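Biologist: Could you take me through this one, bit by bit? I would like to ask as we go along.

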2 protein chains.
Amino acid sequence: MNLEEVGRLAGVSRSTVSRVVNNDARVSGAVRERVQIIIQEHNYHPNAAARSLASRRTRILGVLIPQAAGTIFSDPFFPQLIQGAVDSCNAADHNLLMLMNSSNDPHGREQMHRRVLGGHHLDGIVIASSVVEDPIITYLHETRYPFVLVGRHPRYREIPSVDVDNRAAAQNAVAHLLEHGHRRIGFIGGLPNMIAAIDRYGGYVTALQEAGLLPEPALAVHGNFTQAGGYAAMQTLLAHRPDAICVASDTMALGAIHAARDAGCRVPEDLAVIGFDNIPAAAGAQPSLTTVAQPISDLGREAIRILLDRIAQPDHHPIHLLLPTQLILRRSCGCPETAGSSPTGGDRQPL
Amino acid sequence: MNLEEVGRLAGVSRSTVSRVVNNDARVSGAVRERVQIIIQEHNYHPNAAARSLASRRTRILGVLIPQAAGTIFSDPFFPQLIQGAVDSCNAADHNLLMLMNSSNDPHGREQMHRRVLGGHHLDGIVIASSVVEDPIITYLHETRYPFVLVGRHPRYREIPSVDVDNRAAAQNAVAHLLEHGHRRIGFIGGLPNMIAAIDRYGGYVTALQEAGLLPEPALAVHGNFTQAGGYAAMQTLLAHRPDAICVASDTMALGAIHAARDAGCRVPEDLAVIGFDNIPAAAGAQPSLTTVAQPISDLGREAIRILLDRIAQPDHHPIHLLLPTQLILRRSCGCPETAGSSPTGGDRQPL
DNA sequence: ACCTGCTGTGGGAGCGTTCCCAAGACCTGG
DNA sequence: CCAGGTCTTGGGAACGCTCCCACAGCAGGT
């Protein structure tokens, strides 16, 4: 079943059927209806390959998960991002292709990318969670391939991006600790080459300054985004007697709470804690962890929207979108436990 | 740059270039080499759409994540499955397309499927984590569309599938509890319409029988795969004084441990516990949770392999693959803590 | 009466492959 | 020396669509 055949059955030409399928205005009402009935009756669907070949658009977008997909398995960042991206794709009648390198073969990567990009498989791609030095970014940028970054990039201001407003988020979190009356507020950050970690540190400093406080260098330490790293960082910090801390990830925050407790320091009575990410374990922790939740699926949704816009209007100014976060108040910052913050139990559909 | 142009530069015809690209044997060594050099030099890649149109194969496979992708966000099942599927796809020079319905529009589903399937976007699909009554399965089966199920299906023995050997896994877990000397072993299962839960229950019964024990109905209760459900189930069970329990999910197991502890029952001294799934929180729990780990990425890998086989040989007998599981011994069953089972800290790459 | 513009429709050309048949070159054995 | 094969190469004909131009029909202004 193809355009020609539908046309034959409806007594019109291939061109007219094509116009009906593509919602072209220049078809009379009567003809349109007749054609649509035939399409319905025979369950006709246009052939994707033929369409792509003729129109030079595939209506397929790629999402590139860089190297170590293994490292993002421990929290739901990746699935939520995909869900958001799929939402936008469905709405725009596009499809989403996964671009990941094989777990056992980190080398085939470049090659795979060139094959997919060179063969015009895709109309554009979203790069999730990239590292700064990734050569693919330079390559794509130079070949003027349509793409969007999730997470802002310090260089390349001309590449469109979506990011969470980490700066505002941290500032907001620290402001909340200040409202609780704390004054010696510590910070456990990430490695200094992570943009998100830098931004969060920036927000921390700003919040202190706006409260007329001077950031004390000894109160800000680096973690490595692991629970053990949070534990170690907290041990360092304890010597300087903070009354509250803002931690750049929940995982580290849980480690920090452990360290505090092991040192005989009660949370939140002696030490208020706010984390980042709202991982599933945060709600169930003892005490439940106040944290900054990120609109991850919105990140995916907006990334696709911006990409589609980019494809349609390649010469527009690059968009840089910063999405707001949400501070989820639980026990660890000293707020009372609320109903909505209780453990949900983590529903899961098994095999 | 297309076949014709490469041919012109190499002084051969379009057909010959096509043969070189597709590794057709009937090309002389000299010509092959000459063509390959031109291809390299000009970075030629065959156009995917034209290929699909002419060959009626897209080299794209779909992975269908049914309705509530939201429910599988809380554990890494989905990303790992995808990773495995991508591995196989990369190895076979295929691509992976995500098929999910929008989070806010559970209705557009059927429509989306028909569009994608009808338009010959894909060569076949893998259905992950399906429910028994899913109409899509019937539809695909009737239209003889190539597809593979992840998770076995009680009806439709003629649909190829990959599954974890839940029965053997549960049997093995219960046998381990028996080895610890326990005799009153309880079971917390899932809803009775979940195939995985049924299989696990079956394994539990078999293990008891093989040890010459009679399964006691009061010692087996249903949970709903939430932490709260595990808590409630354990409360029921405690009245019958089990000395060990096998729980069909880690999430429920954590709830059960809570309930036991709240009732003054020590784990593992008074009650040994084994869970299922090896979720990240299992290693970090107090006590660390003995659990059955599933080879999730292998599930994805094998599903694609079987699908490709199915596409190539549609009339072969349907394959039903059962993958083995691994019992991970930690504290909660009474085993000593081992080095490898300690919390890893959940590394995560932030934005 | 004419030209002009606008609307709806048809059909040619082309997108870049693959598949198939034809044909030339070359070999082999009688 | 030639019939019959194999090996290599070339080119026509799809595949099913979109894009563009052509053209019929009709209304309105001159």
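Biologist: Which element gives the most to the surface near DNA strand D?

Modeller: Keeping in mind that this is a predicted model, the element that gives the most to the surface near DNA strand D is α4(A), with five residues. Other elements take part as well, since α2 and α4 of chain A and α2 and α4 of chain B each supply at least two residues of that surface.

Biologist: And which residues come nearest to DNA strand D?

Modeller: There are 25 residues around DNA strand D, and those that come nearest are Asn2(A), Leu3(A) and Ala54(A) from one chain, with Ser13(B) and Ser15(B) from the other. By class, the residues of this surface divide into eleven nonpolar, ten polar and four charged.

Biologist: OK, now the other strand. How many residues surround DNA strand C, and which are the closest?

Modeller: DNA strand C is surrounded by 26 residues, and the closest are Ser15(A) from chain A and Leu3(B), Ser18(B), Ala50(B) and Ala54(B) from chain B. Two or more residues of the surface near DNA strand C come from each of α2 (14–21) and α4 (48–55) in chain A, and from each of α1 (3–10), α2 (14–21) and α4 (48–55) in chain B.

Biologist: Which of them gives the most to the surface near DNA strand C?

Modeller: Here α4(B) gives the most, with five residues. The surface near DNA strand C has eleven nonpolar, ten polar and five charged residues.

Biologist: Both α4 helices have come up now. At what angle do α4(A) and α4(B) pack?

Modeller: The angle between α4(A) and α4(B) is about 140°, and their axes are 8 Å apart. With roughly antiparallel reserved for angles over 145 degrees, α4(A) and α4(B) are therefore oblique to each other. The crossing of these two helices, α4(A) and α4(B), is left-handed.

Biologist: Which residues meet there, in α4(A) and α4(B)?

Modeller: From α4(A), Ala49(A), Ala50(A), Ser52(A) and Leu53(A) meet Ala49(B), Ala50(B), Ser52(B) and Leu53(B) in α4(B). By class, this contact has six nonpolar, two polar and no charged residues.

Biologist: Changing topic to chain B: how far apart are the axes of α8 and α9?

Modeller: In chain B, helix α8 (residues 166–179) and helix α9 (residues 195–210) have their axes 7 Å apart and pack at an angle of about 40°. The two helices, α8(B) and α9(B), are therefore oblique to each other, and their crossing is right-handed. The residues of the contact of α8(B) with α9(B) divide into ten nonpolar, five polar and three charged.

Biologist: Last topic, the six-strand sheet in chain A. What is its order?

Modeller: The sheet is open, with mixed pairing, and its strands run in the order β7-β6-β8-β9-β10-β12 of chain A. At the edges stand β7 (220–222) and β12 (326–328) of chain A, each with a single partner strand, so one side of each has no neighbour in the sheet. On average, neighbouring strands of this sheet are turned by 20° against each other, direction ignored.

Biologist: Do β6(A) and β7(A) pair in the parallel or the antiparallel sense?

Modeller: Strand β6 (residues 185–189) of chain A and β7(A) pair in the parallel sense over three bridges, and Ile188(A) stands opposite Val221(A) in β7(A).

Biologist: Which helix packs on this sheet?

Modeller: Helix α8 (residues 166–179) of chain A packs on the sheet, touching β6, β8 (244–247), β9 (272–276), β10 (290–293) and β12 of chain A, and its direction makes about 165° with that of β8(A).

Conventions. Residues numbered from 1 in each chain as written. Chains lettered and ligands numbered in written order. Predicted model: local features only at pLDDT ≥ 70, side-chain atom pairs only at ≥ 80, totals over all residues. Near = placed C-beta within 6 Å. Helix = DSSP H or I, 4+ residues; strand = E, 2+ residues; numbered from the N terminus. Nonpolar A, V, L, I, M, F, W, Y, C, P; charged D, E, K, R; others polar. Axes fitted to C-alpha atoms, helices over the stretch in contact; angles between N-to-C directions. Parallel < 35°, antiparallel > 145°, perpendicular 65-115°, else oblique. Left-handed = near helix turned anticlockwise from the far one by under 90°. Contact = placed C-beta atoms within 7 Å. Pairing = 2+ DSSP bridges.
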